[in-house]
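Please open the structure in a viewer and keep the selection panel at hand. The stops below proceed one selection at a time.

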Amino acid sequence: MVDMTDVLVLGGTGWLSERIALHWRDAGARVTCLARGGRPSPDGTVLLRGDRDDPDVYEQLRAQHWDEVVDVSRHAKQVREAVAALGERTDHFTFVSSASVYADETTLAQDESAPLHEPAQDGDEYEYAAQKVAAEQAVRILGERAFIVRPGLIVGAGDPSDRFGYWAAAFARAGSEPVLTPIAEGRFVQIIDVEDLAAYVTAELRHGTVNATGDVRAFADVIAAVREAAGHTGEIVEVDDDWLVQQGVQYWMGERSLPLWVPDDMPGFMRRENDAYRASGGTFTPLDATVRAVLDDERARGLDRERGAGLRRADELELLARLA
């Protein structure tokens, strides 16, 4: 472990940034979190309130030198302004980007050299991938002091996106009744546990750009692991893409969706190369352990709660009835 002293986490109260702040704290660092809103930062860290859309937000930090700054923002302007304000006073800057930056979603096993989407320009309509690309450009001006990590789908307890957690809830709430899924054959899933990502970002000061994601797994194997952990004994009803789309079910995420389901013309989306992550010390929580943590969390938060992704059970049953 590199002897780090002063760490600034831009955030520190959100799902991922809080885990990063906790890992730095547990490594013995003095951690400061800059965040807006009413949520607390982890015990043992210092919380400074500030809105990153405020041009004077960094004034309270200008006297401090940082060994490490960590930024997870999805807005390029925020990242650009953080680099401008803090770049001269930090020894190392880590930016958590995304595997969504890649423009080619058809080629399998692409590494970090694969082509990217065009970067967002000021005034453009918001588009996540383009914003992350532009943010990466802003960070790269720091040269060898910069590290860009591109995680795949981040999963774990507390995930606010509800994508991986949807399946734990779906199988647990169904019990002995059927669960609706897309056709599994030929589909794959690539995830990273939030704890693995946070540990990787805080273990040492790395440089360059790394895809941080787990190994490629068959969709059917992931679903089977979730189903077994949930104790589901009902039928799995697989339905083809066209029928699901006709019923207004969305791919991947969002309201009335089947998470982790991507179109057939995007075979490279969940099949990125992760050799650099492995070679640089990245770790992998066993799938069963991640599934158990997510299942426990879903049960604690409520299997039938309103969620950001997936189908409500009533909608799922209605769709199943249409197939009868």
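Begin with the open sheet of this predicted model: select its seven strands, which follow the order E3-E2-E1-E4-E5-E6-E11 and pair in parallel. Strands of a sheet pair through backbone hydrogen bonds, in either the parallel or the antiparallel sense. Which strands stand at the edges? They are E3 (46-49) and E11 (208-212); each has a single partner strand, so one side of each is left without a neighbour in the sheet. From one strand to the next, the twist averages 20°.

**The E3 edge**

Select strand E2, residues 30-35, together with E3. The two run parallel and are joined by four bridges. For a specific pair, display cysteine 33, whose bridge partner in E3 is leucine 47.

**Strand E6**

Move next to strand E6, residues 146-151. How many of its six residues are buried? The count is six of six, and the strand is mostly covered. Show the side chains: Ala146, Ile148 and Arg150 point one way, whereas Phe147, Val149 and Pro151 point the other way, and all are buried.

Now add the partner strands of E6. On the E5 side, four bridges join E5 to E6 in a parallel arrangement, and valine 96 stands opposite valine 149. To pass from E5 to E6, the chain crosses through helix H3 (residues 128-140), and this β-α-β crossover is right-handed. On the E11 side, E6 and E11 pair in the parallel sense over five bridges. Valine 149 appears again here, standing opposite valine 210 in E11.

**Helices H1 and H2**

Select helix H1, residues 15-26. Its 12 residues should span 16 Å at 1.5 Å a residue, and the end C-alpha atoms are 17 Å apart, which agrees. An α-helix has 3.6 residues a turn, so residues three or four places apart point the same way. Colour the buried residues of H1, namely Trp15, Leu16, Ser17, Ile20, Ala21, Leu22 and Trp24. What covers them? The covering elements include strands E1 (6-10), E2, E4 (68-71), E5 (93-96) and E7 (153-155), as well as helix H5 (194-203). After H1, find glycine 28, whose phi is positive, near 95°.

Helix H2, residues 76-86, is the next selection. Its buried residues are Ala76, Gln78, Val79, Ala82, Val83, Ala85 and Leu86. Elements covering these residues include E1, E4, E5 and H3.

**Two buried loop residues**

Select aspartate 162, in the loop between E7 and helix H4 (163-174). Its phi is near 65°, a positive value in a residue other than glycine. Is aspartate 162 buried or exposed? It is buried, because its relative accessible area is 4%, under the 20% cut-off.

Continue to histidine 232, which lies in the loop between helix H6 (219-230) and strand E13 (236-239). Histidine 232 is also buried, with a relative accessible area of 6%. A polar atom of its side chain lies 2.7 Å from the backbone oxygen of glutamate 177. Leaving aside neighbours within four places in sequence, the residues in contact with histidine 232 are Phe171, Ala174, Gly175, Glu177, Pro178, Val179 and Arg227.

**Arginine 322 and arginine 256**

The last stop begins at arginine 322, found in helix H10 (residues 313-323). Arginine 322 counts as partly exposed because its relative accessibility is 41%, between the cut-offs of 20% and 50%. Display its side chain with that of glutamate 318: a polar contact of 2.5 Å joins the two. Which residues does arginine 322 contact when neighbours within four places in sequence are left aside? They are Trp243, Gln247 and Arg256. Arginine 322 and glutamine 247 are 75 residues apart in sequence, while their C-alpha atoms are 9.7 Å apart in space.

Finish with arginine 256, one of the residues in contact with arginine 322. Arginine 256 is found in the loop between strand E14 (250-252) and strand E15 (257-259). Its phi is near 55°, a positive value in a residue other than glycine. At 23% relative accessibility, arginine 256 counts as partly exposed.

Definitions and conventions
Residues are numbered from 1 along each chain as its sequence is written. This is a predicted model: local features need pLDDT of at least 70, side-chain atom pairs count only at pLDDT 80 or more; totals for chains, interfaces and linings use all residues. Side-chain values use heavy atoms; hydrogens and water are left out. Buried means under 20% relative accessible area, exposed over 50%, partly exposed in between (1.4 Å probe, protein chains only). Contact means heavy atoms within 4.5 Å. A polar contact is a pair of N or O atoms within 3.5 Å; within protein, one must be able to donate a hydrogen and the other to accept it, and residues adjacent in sequence count only if both atoms are side-chain atoms. Two strands pair if DSSP finds at least two bridges between them. Axes are lines fitted to C-alpha atoms, for helices over the stretch in contact, and angles run from 0 to 180 degrees between N-to-C directions. The expected span of a helix is 1.5 Å times one less than its number of residues. A crossover is right-handed if, with the strands pointing away from the viewer, the path from the first strand over the helix to the second runs clockwise.
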